[in-house]
Amino acid sequence: MLVRWMYVMPKVTVPKDQLGRVNFVDRVFLITGKPHTSVNPLTGPRKRKPQREREREREMATATTTGGGTSGEGPKIVWNQPQQRFETEDKKAYIQYALRDGGRVMDIVHTFVPPSKRGLGLASHLCVSAFRHAKTNSMSVVPTCSYVSDTFLPRNPTWNSLLYSEDLKSHM
């Protein structure tokens, strides 16, 4: 049925040379005289959830990202010293590091968050834990991991003071 009205085209008030500049929704209105609606022929129109239900889902998502508490402190991150990594309590998301220069330099080599937990800010929380640990132990940080160097540090420039540089090596 949809294909049929695409070929039968009544008079359009837009000149042909300008037709390419009209977006799809406007073309449907000009051709059919009816506003465009995205309706799936199999499932019907999409029904929007009630506002209370949407707010409840939003609260649940916020509670999940903050570790279940309402204090906003974030998920609990555990330092796993034998495996040289910081990880969530369930050990599914982690940030791996290696110690260099006699334990004075922390080289962050890998960050992993499983697909089911992505988009919740876990990688950022892991990085903050690693950087806090480096700061409290007077370590410098080498951001080998692309997430740390390309995403976390540009968004959080306050941690740039902990980055390792050759100038610092001469003062150690």
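C145 counts as buried, at 7% relative accessibility. C127 counts as buried too, at 0% relative accessibility. In this predicted model, the sulfur of C127 has that of C145 as its closest cysteine sulfur, at 6.7 Å, and the two are therefore too far apart for a bond. The cut-off for a disulfide is a pair of cysteine sulfur atoms within 2.5 Å. C145 is accordingly in no disulfide, its nearest cysteine sulfur being that of C127. A search over the whole structure likewise returns 0 disulfides.

The chain as a whole can be set out next. The protein has 172 residues, and 27% of them count as buried. Its accessible surface comes to about 12700 Å², and carbon and sulfur atoms account for 54% of that surface. The secondary structure consists of 6 helices and 5 strands. Read from the N terminus, the order of elements is α-α-α-β-β-β-β-α-β-α-α. Among contacts between residues at least 6 apart in sequence, 38% join residues that are at least 24 apart.

The strands can be followed in order, beginning with β1 and β2. Strand β1 covers residues 77–80 and pairs with β2 in the antiparallel sense, over 4 bridges. Within this pairing, V78 has E87 of β2 as its bridge partner. The hairpin of β1 and β2 has 4 residues between the strands, and Q84 there takes a positive phi near 50°. Q83 is also placed in the loop between β1 and β2. With a relative accessibility of 43%, Q83 counts as partly exposed. The C-alpha atom of Q83 is separated by 8.9 Å from that of Y97, a residue 14 places away along the chain.

Strand β2 spans residues 85–88; R85 and E87 point one way from the strand, F86 and T88 point the other way, and all are buried. T88, in strand β2, has a relative accessible area of 6% and so is buried. Which residues does T88 touch, not counting those up to four places away in sequence? They are K76, I77, A93, L122 and L126.

On from β2, the pairing continues with β3. The two strands are antiparallel and are joined by 3 bridges. E87 stands opposite Y94 in β3, while V78 is the bridge partner of E87 in the pairing of β1 with β2. The hairpin of β2 and β3 has 5 residues between the strands, and K91 takes a positive phi near 65° in it.

The strands β4 and β5 have another arrangement. Strand β4, residues 105–112, runs parallel to strand β5, residues 140–143, and 4 bridges join them. V105 stands opposite S140 in β5. Between these strands the chain passes through helix α4, residues 122–136, in a β-α-β crossover that is right-handed.

V141 lies in strand β5 and is buried, with a relative accessible area of 1%. Leaving aside neighbours within four places in sequence, V141 is in contact with M106, I108, F131, A134, L162, L163 and Y164. V141 and Y97 are 44 residues apart in sequence, and their C-alpha atoms are 9.6 Å apart in space.

The interior comes last. In soluble globular proteins, nonpolar side chains tend to be buried together. The largest nonpolar core here has 24 residues, and those with the most contacts inside it are I95, M106, I108, F131 and V148. Two or more residues each come from β3 (94–100), β4, α4 and α5 (146–155). Helix α4 gives the largest share of this core, 8 residues.

What is in contact with V148, leaving aside its neighbours within four places in sequence? The list is I95, I108, T111, C127, F131, P143, L153 and P154. Among these contacts of V148 is C127, the cysteine whose relative accessibility is 0%. I108 and F131 are in contact with V148, and both are in contact with V141 as well.

Methods: Residues are numbered from 1 along each chain as its sequence is written. This is a predicted model: local features need pLDDT of at least 70, side-chain atom pairs count only at pLDDT 80 or more; totals for chains, interfaces and linings use all residues. Side-chain values use heavy atoms; hydrogens and water are left out. Buried means under 20% relative accessible area, exposed over 50%, partly exposed in between (1.4 Å probe, protein chains only). Contact means heavy atoms within 4.5 Å. Accessible areas come from the Shrake-Rupley method with a 1.4 Å probe; for residues, only the protein chains shown count as cover. Two strands pair if DSSP finds at least two bridges between them. A crossover is right-handed if, with the strands pointing away from the viewer, the path from the first strand over the helix to the second runs clockwise. A nonpolar core is a set of buried Ala, Val, Leu, Ile, Met, Phe, Trp, Tyr and Cys residues joined through side-chain atoms within 4.5 Å.
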